[in-house]
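Me: I'm new to this structure and would like a close look at a single part, the surface that meets the DNA. Could you walk me through that part and then put it in its setting?

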There are 2 protein chains.
Amino acid sequence: MDNDIVMEVFQLQAELCKSLGEPKRLMIIHELRKGARSVGQLAGSLNLKQCTASQHLALLRKTGVLSAHREGSTVYYSLITPKIADACDSIREIIIEKLKRNHLLTSVI
Amino acid sequence: MDNDIVMEVFQLQAELCKSLGEPKRLMIIHELRKGARSVGQLAGSLNLKQCTASQHLALLRKTGVLSAHREGSTVYYSLITPKIADACDSIREIIIEKLKRNHLLTSVI
DNA sequence: TTAGTATATTAATATATTCTTATATTATCG
DNA sequence: CGATAATATAAGAATATATTAATATACTAA
């Protein structure tokens with residue numbers, strides 16, 4: 001139980017959470033649940049500029065959420081592990097339950 | 001499947017994740033797993049200034065992570081639901097597994 | 001090699017966050 | 001009531017983040 005390591009884990013955990021703390025990046029993760037997508041595909045489907053998408057993807061890659069592989073001139077991004085998407089889903093559930101409790105949501109999304 | 005509501009959920013989800021994206025706040029959540037704690041207790045055990053602790057707690061309260069109740073002049077904070085701590089744990093697991101894969105961690109924390 | 005397409009990077013600006021000091025609020029006790 | 005304790009809020013400085021336009025790199029095909 002080395003205290004420095006514990007602190008380091010909290011730090012990394014915070015960086016990961018922070019990288020999840022942006023709507024567009026959550027949408028990217030949501031989209032990648034369905035499978036690998038190229039930068040252009042994501043920019044298109046999420047209505048992002050190419051450079052914005054690329055920067056979000058680079059960040060998510062840096063924090064260990066995504067991996068990338070190149071096929072020709074196209075770069076495909078994928079979730080490193082479905083556990084990330086699961087964690088996002090569980091947070092999403094908390095939000096949805098809260099909305100339901102406050103009668104701000106009637107049907108399941 | 002109202003698109004505005006979907007976007008709203010992503011927004012709220014991002015705000016929640018962002019509020020988890022700070023090491024001190026993760027430590028607060030970790031500490032509160034054990035039960036309710038006062039501002040002063042948390043400031044003491046996590047080595048935070050009183051006002052810093054109070055601000056972090058206010059933010060976590062605003063994003064729906066924590067609830068507060070007063071007993072006399074003391075305010076106790078608690079996790080709204082253990083699901084939050086569970087989500088944090090699952091993210092923590094992802095970090096720890098990654099450290100292990102990279103041989104940066106030998107024993108379980 | 002040149003033109004064209006897909007990504008990535010850089011630099012600048014605008015906005016947001018964190019921490020600190022100082023001050024304010026709320027409650028208890030004498 | 002005044003003094004003290006616990007917590008909250010405000011304002012400011014330092015740092016970080018998100019977005020954009022412009023440019024650079026990587027690859028393909030002619």
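Reply:

**Around the DNA**

Start with DNA strand C: 22 residues surround this strand, and the closest are A:Gly40, A:Gln50, A:Thr74, A:Tyr77 and B:His56. Here a residue is near a molecule or strand if one of its heavy atoms lies within 4 Å of it. Of the strand C atoms that come within 4 Å of the protein, 58% belong to sugar and phosphate.

Before going on, a word on the ground rules: this is a predicted model, where local features need pLDDT of at least 70 and side-chain atom pairs count only at pLDDT 80 or more, while totals for chains, interfaces and linings use all residues. Residues are numbered from 1 along each chain as its sequence is written, chains are lettered from A and ligands numbered from 1 in the order in which they are written, and side-chain values use heavy atoms, with hydrogens and water left out.

Now for some individual contacts with strand C. A polar side-chain atom of B:His56 sits 2.8 Å from a phosphate oxygen of DNA strand C. For B:Lys18, an N or O atom of the side chain is 3.4 Å from a phosphate oxygen of that strand, and for A:Ser38 the corresponding distance is 3.5 Å. The elements giving two or more residues to this surface are α3 (39-45), α4 (50-62) and β3 (74-79) of chain A, together with α4 (50-62) of chain B. Helices (H or I, at least four residues) and strands (E, at least two) are DSSP runs, numbered from the N terminus. By class, the surface near DNA strand C has five nonpolar, 12 polar and five charged residues. In this count Ala, Val, Leu, Ile, Met, Phe, Trp, Tyr, Cys and Pro are nonpolar, Asp, Glu, Lys and Arg are charged, and the others, Gly among them, are polar.

Next comes DNA strand D. Around it are 22 residues, of which A:Arg25, A:His56, B:Gly40, B:Gln50 and B:Tyr77 come nearest. Sugar and phosphate make up 62% of the strand D atoms that come within 4 Å of the protein. A phosphate oxygen of strand D is 3.1 Å from a side-chain N or O atom of A:Lys49. The bases are involved too: a polar side-chain atom of A:Gln55 lies 3.2 Å from a base oxygen of DNA strand D, and a side-chain N or O atom of B:Gln55 is 3.1 Å from a base nitrogen of that strand. The surface near strand D draws at least two residues each from α4 of chain A and from α3 (39-46), α4 and β3 (74-79) of chain B. Its residues divide into five nonpolar, 12 polar and five charged.

So much for the DNA; what about the protein chains themselves? Chain A has five helices and three strands, and along the sequence they run α-α-β-α-α-β-β-α. Its C-alpha trace spans about 50 × 45 × 20 Å along the principal axes.

Chain A and chain B also touch each other, with 37 residues from chain A and 36 residues from chain B in the contact (contact means heavy atoms within 4.5 Å). The area buried between them is about 3,600 Å², with carbon and sulfur atoms giving 78%; buried area is the accessible area (1.4 Å probe) that two parts lose on being put together, summed over both. Two salt bridges cross this interface, counted when a side-chain nitrogen of Lys or Arg is within 4 Å of a carboxyl oxygen of Asp or Glu. B:Lys83 forms a salt bridge with A:Glu97, the closest N and O atoms being 2.8 Å apart. On chain A, the helices α1 (3-20), α2 (23-32) and α5 (82-101) each supply at least two residues of the side that touches chain B. That side has 23 nonpolar, seven polar and seven charged residues. Of the interface residues of chain A, 97% are also interface residues in chain B, so the copies meet through the same surface.

Conventions. A polar contact is a pair of N or O atoms within 3.5 Å; within protein, one must be able to donate a hydrogen and the other to accept it, and residues adjacent in sequence count only if both atoms are side-chain atoms.
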